[in-house]
Amino acid sequence: MDLDTVHRTLEGPFDGFQVHVDAGRERGDIVLGRPPLNVISMPQRDELRAVFEALDAHPDVRVIVLRAEGEHFSSGGDIKGFLEASPEHVSHLAWNVAAPERCNKPVIAANRGYCFGVGFELSLACDFRIASETCRYALPEQRLGQIPGSGGSARLQKLIGVARTKNMVMRAKRITGADAHDWGIAADCVADGELEAATDALVEELRGFSPLAQRTAKRLLNDGENASLAVAIEMEGHCYSRLRTSDDFREGVEAFGEKRPPEFRGC
């Protein structure tokens, strides 16, 4: 995506969310903005996908953050929209929701309050989830005579196993942010008033690493998830070998020896 297209895509206005780029902090924020429940409409999913792609191509963004206004991240999708959407549109839902996973850059979801349905599916497609103590995760589609349709059950099963996933999906069970942290869904669980500070701290931590090494690690881990152990180890070896020739690796080694912070350039 060329730079003109990136800027046009990020101009807005958007359906139910805002976008903020802070070049000084090298972060791009997508903020769900339809409080109190931040219901996600069908057209909004297309726009979110395009914005994730644009932020991924933005030269001033190192880390992408998905967060929300108010006390709830999102109660899920617009139920009426499912009945009105065409089969062709519905067939694209999983691709749109997977946009954070396809980003080369690290993506953080900051979750508080309700994180249900497609809100949870979007968060599961991110690399890191930080939950506040008020957070409640759920895939409640069984209550509507449906199942998750945008990768929710599949990603959750990879994270927590089939038994716990059945308990959540087949019973439409809610779990707390603390449970999500214990089960490995969330990277951290913090007090509600500390969610923003914890998100900021993770952004700053990630900015300190080599962009090239982070892109490589994310791609390797995502691809390795569906590979055999032998293939995953082989992939890791090839990626490790390529990174050994990078300027960032040389800088990291020299900085370590000189006992100074490294200055990575992403090449």
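Trainee: Which helices and strands each supply at least two residues of the lining of the largest pocket?

Mentor: Good place to begin, and please keep in mind that this is a predicted model. The space in the largest pocket comes to about 840 Å³. Of the 27 residues that line this pocket, the closest to its centre are E101, D127, K218, L221 and N222. The elements that each give at least two lining residues are α6 (99-102), β6 (128-132), α8 (152-160) and α12 (211-224).

Trainee: Which element gives the largest share of the lining of the largest pocket?

Mentor: By class, the lining of that pocket holds 11 nonpolar, five polar and 11 charged residues. Nine residues of the lining come from one element, and this is the largest share. That element is α12.

Trainee: What is the radius of gyration of the protein chain, and why does it agree with a compact globule?

Mentor: Let us start with the whole chain, which has 14 helices and nine strands. Along its principal axes, the C-alpha trace spans about 60 × 45 × 40 Å. A compact globule of 267 residues would have a radius of gyration near 18 Å, so the chain agrees with this, its own value being 19 Å.

Trainee: In the open sheet of six strands, which are the edge strands?

Mentor: Happy to walk you through the sheet. Its strand order is β1-β2-β3-β4-β6-β9, and the pairing is mixed. An edge strand pairs on one side only, and that is the case for β1 (17-22) and β9 (188-190).

Trainee: What is the bridge partner of D29 in β3?

Mentor: Look at strand β2 (residues 27-32) beside strand β3 (residues 63-68). These two strands pair in the parallel sense, over six bridges. In β3, the residue bridged to D29 is V65.

Trainee: What angle does the direction of helix α11 make with that of β6?

Mentor: Two helices that pack on this sheet are worth finding. Helix α2 (residues 42-57) touches β1, β2, β3 and β4 (107-111), and its direction makes about 5° with that of β1. Helix α11 (residues 195-207) touches β2, β3, β4, β6 and β9. Between the directions of α11 and β6, the angle is about 160°.

Trainee: Why is one side of β5 and of β8 left without a neighbour in the open sheet of three strands?

Mentor: That sheet has the order β5-β7-β8, with mixed pairing. Both β5 (114-116) and β8 (175-176) stand at its edges, so one side of each has no neighbour in the sheet. The reason is that each has a single partner strand.

Trainee: Which residue in β7 does F116 stand opposite?

Mentor: Strand β7 (residues 136-138) runs parallel to β5, and three bridges join the two. Across from F116, in β7, you will find A138.

Trainee: What is the angle between the directions of helix α7 and β5?

Mentor: Helix α7 (residues 117-124) packs on this sheet, where it touches β5 and β7. The directions of α7 and β5 make an angle of about 85°.

Trainee: Where is P36, which a cis peptide bond joins to P35?

Mentor: A cis peptide bond also runs from G12 to P13, with omega near 0°, and P13 is in the loop between α1 (3-9) and β1. For the bond between P35 and P36, omega is about 10°. P36 has its place in the loop between β2 and α2.

Trainee: What is phi of N38?

Mentor: N38 lies in the loop between β2 and α2. It is a residue other than glycine, and its phi is positive, near 50°.

Technical notes
Residues are numbered from 1 along each chain as its sequence is written. This is a predicted model: local features need pLDDT of at least 70, side-chain atom pairs count only at pLDDT 80 or more; totals for chains, interfaces and linings use all residues. Side-chain values use heavy atoms; hydrogens and water are left out. On a 1 Å grid over the protein atoms alone, a cavity is a set of points where a 1.4 Å probe fits but cannot get out, and a pocket is an open set with protein on both sides within 12 Å along at least five of seven lines; lining residues have an atom within 4 Å of a point. Grid points are joined across faces, edges and corners, and a volume is the space filled by probe spheres set on the points. Helices (H or I, at least four residues) and strands (E, at least two) are DSSP runs, numbered from the N terminus. Ala, Val, Leu, Ile, Met, Phe, Trp, Tyr, Cys and Pro count as nonpolar, Asp, Glu, Lys and Arg as charged, and the others, Gly among them, as polar. Two strands pair if DSSP finds at least two bridges between them. Contact means heavy atoms within 4.5 Å. Axes are lines fitted to C-alpha atoms, for helices over the stretch in contact, and angles run from 0 to 180 degrees between N-to-C directions. The radius of gyration is taken over C-alpha atoms; the globule rule is 2.2 Å times the number of residues to the power 0.38.
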